[in-house]
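Trainee: I've got the structure open and I'm not sure where to begin. Can you walk me through it?

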Amino acid sequence: MSSETKQILTTDGIPLEVSLKKAERKNKIKAFLLVAPLLFFLIITYVFPIGDMLFRSVDDKMVTQMLPKTFKAMESWDGQELPEEEVFAAFHEDFIKLVEDKREGKLSTQLNYTKNGFKSIIKKLRRASKKFEEGNYKEQIMSVHKRWADVEYWRAIQRRAPEFTGQKYLKGMDMYVNEEGKIVSVEEDRRIHRVLWLRTLEIAFFVTVFCFLMAYPIAHLLATLPMKYSNLLMICVLLPFWTSLLVRTASWMILLQQQGIVNDFFVGIGLVTDDNRPEMMYNKTGSYVAMTQILLPFMVLPLYSVMKTISPSLMRAGKSLGGTPFVAFWKVYFPLTIPGIGAGCLLVFILAIGYYITPALVGGASGTLISNQIAFHMKSTLDWSFASAMGLMLLSGVLVIYWLYNKIVGIDNIKLG
Amino acid sequence: MALPKYTEPHYRIWHYFYLTICGAVFFFLIAPLFVIFPLSFNAEEFLSFSDGMKSLDPDAFSLRWYKDMIYGTKNPWGLAAKNSFIIAIFATIGSVILGTVAALGLSSRHMPYKGLIMAVLISPMIVPLIISGVAIFFFMAKAGLAATHTGIVLAHIILGTPFVVITVTATLSGFDHSVTRAAASLGSDPVNTFMKITLPLILPGVISGGLFAFVTSFDEVVVVLFLAGLENTTIPIQMWTGLREQLSPTILAVATCLIILSTLILVTAELLRRRSERLRGINQ
């Protein structure tokens, strides 16, 4: 037997394997070049800015840059007793520079976030510092106000030394770092963000459940009816799907108002009295009703596309083997629709959890979600780093669901219309 | 769905119960849209049916809110409509070009890291709009494009491309690649092959993706709220301010026009979908 295996060569004399690999690589590059424009466009205008949000949410360089010498001098301070003269001297030097640049106001605002009471003592220090004599700054600064002689305040300054902070994330969960450097929750009655997170989850969950309960029967009907009827009924699902979100929200605002048609109907059938019409808008009910109707098509379409592929003969087989229609449905049909259920529920949940417009218009104070809080901080308080932190907390939740969706359904299988 | 004659009574009852439920859900889906129509012809300034409307008195109906929408002096609807159409058209063109080219690459079997890249390209559709809004606002502010048409168009291209990528990839999955090879063997260069062979075949998918991109842009309010200045106002922004502040019937007139527009788009999209299914031989 010959031990030599003959290498197959192409007409150019190159081994076939090498030549094939080369062609393969060429094809890979060609395919990638087609995707590249969109990919790079999205990376620059979308992925990087989301990274920028991450940076903004933890960025705390402002104070670090305002008091460089102080923090340098504080490196050797253990934080037990009042700091030494050199720290006071460094702080004085930094402070004089800030006063010259008229930036001491910013410092006081920033330090006040860490500990209340900085605003007034910094104002006092600015006035007093004009008459300071050279040397022995410790005595002079401490004599301005008794808080300057309180070691707690110096510890508060020291806590602002790092360039990065997770403080905004803690604030998003209603927690903060206290004087001892421990992470604690704010008082019971001030935990607004936790309430919002829970409410967001609750509303998203129940909207998903309602959508599922309503979509399942109609998707089944659409999938089993003859084509000519189902096409007509499909319009009932697709017309809302293609109609402007604001138009649909507007129609709910008209329907749900106190003198609106739904209330008229309730009065008409004697459910409520005319002078006791229930408030159905500007509260949770409004959010539930409007969001369920708006998101319903996103549940119907995936369910429909799965149900369409289930052959009716399977149900007939189940029945012919002795199952009642209910047993046949539960043991044969329902398990086959689970991929559609998974797709629809995850899609609706993802969309509901980040909803903004509809809750803002019909949700009132008790029906708004975390998105509304993010918009509020972006537009009203201008605390962009906090808005970024909250946005990223929401995003991480959504990405987990997205990952699940990809595992269960596969993003290539998203169907539209 | 006629029941066979031998159906037992309790299944018969169950069946009609199921049909009633379905009817109720369809009603819940579609009825809210039809409230807007009659109220937009209201002669009075209220957003509820007047007694005259209930008794179908012709005097209770008028076109005053439509006139107000078009000729109203304080009304920004003209400017808003112009901006909306300009922005949506450019955003659609951008999304369709970028999305179609990317979809061609993605459906090649040689594409490396397909899953990861697809996840990135689809992400603007999955990430909550408020987060996209914040991120895009930061970018546009840095690039000096906040409060410009260009900035809004770019933002809407970001939001619109996932739809084009999805629909075109779906169309390409049923595409017979031997026709492009046949074209190549007959001496056609890739660009010519794309224009003469591939594009006409995938056109329904491209157009329906374009329709999605158009509607996304035309209907988008969250990101625009962050980006738009006074001159960049769009129809959704005007609707949003209108719904928050003075809920006037003019909004209903605009809403009626938008419903008519979406009906037209729906019909186009449906016709295209059926055509492409027929071409692929899926339709029974």
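Mentor: Sure, and let's start with a term we'll need: a residue is exposed if 12 or fewer other C-beta atoms lie within 10 Å of its own, and buried if 20 or more do. Keep in mind that this is a predicted model.

Trainee: Okay, using that cut-off, is B:Tyr113 buried or exposed?

Mentor: First find B:Tyr113 in the loop between helix H4 (77–106) and helix H5 (114–126) of chain B. B:Tyr113 isn't a glycine, yet it has a positive phi of about 50°. Now count: there are 11 C-beta neighbours inside 10 Å, so B:Tyr113 is exposed.

Trainee: And what about A:Leu382, buried or exposed?

Mentor: Most residues other than glycine have a negative phi. A:Leu382, not a glycine, has a positive phi of about 60°, and you'll find it in the loop between helix H18 (370–381) and helix H19 (384–408) of chain A. With 9 C-beta neighbours inside 10 Å, A:Leu382 counts as exposed.

Trainee: Let's look at chain B as a whole. Why is chain B described as more spread out than a compact globule?

Mentor: Chain B is built from 12 helices and 0 strands, and its C-alpha trace spans about 75 × 75 × 35 Å along the principal axes. For 284 residues the globule rule gives 19 Å. Chain B is well over that, so it is more spread out than a compact globule, with a radius of gyration of 24 Å.

Trainee: Which helix of chain B gives the most to the side that touches chain A?

Mentor: The contact takes 74 residues from chain B and 74 residues from chain A. By class, the chain B side has 61 nonpolar, 10 polar and 3 charged residues. Giving the most, with 14 residues, is helix H1 (residues 9–40).

Trainee: Over in chain A, how do H4(A) and H6(A) sit relative to each other?

Mentor: Helix H4 (residues 85–100) and helix H6 (residues 118–129) of chain A have axes that come within 11 Å and cross at roughly 90°. A:Phe95, A:Ile96 and A:Val99 of H4(A) make the contact with A:Leu125, A:Arg126 and A:Ser129 of H6(A). Angles of 65 to 115 degrees count as roughly perpendicular, and H4(A) and H6(A) are therefore roughly perpendicular.

Trainee: Last one: how far apart are the centres of the two domains of chain A?

Mentor: The domain assignment gives domain 1 (61–163) and domain 2 (192–413). Taken over C-alpha atoms, the distance between the centres of domain 1 and domain 2 of chain A is 54 Å.

Notes:
Residues are numbered from 1 along each chain as its sequence is written. Chains are lettered from A and ligands numbered from 1 in the order in which they are written. This is a predicted model: local features need pLDDT of at least 70, side-chain atom pairs count only at pLDDT 80 or more; totals for chains, interfaces and linings use all residues. Domain bounds come from an automatic or database domain assignment. Two residues are in contact if their C-beta atoms, placed from the backbone, lie within 7 Å. Helices (H or I, at least four residues) and strands (E, at least two) are DSSP runs, numbered from the N terminus. Ala, Val, Leu, Ile, Met, Phe, Trp, Tyr, Cys and Pro count as nonpolar, Asp, Glu, Lys and Arg as charged, and the others, Gly among them, as polar. The radius of gyration is taken over C-alpha atoms; the globule rule is 2.2 Å times the number of residues to the power 0.38. Axes are lines fitted to C-alpha atoms, for helices over the stretch in contact, and angles run from 0 to 180 degrees between N-to-C directions. Angles under 35 degrees count as roughly parallel, over 145 as roughly antiparallel, 65 to 115 as roughly perpendicular and the rest as oblique.
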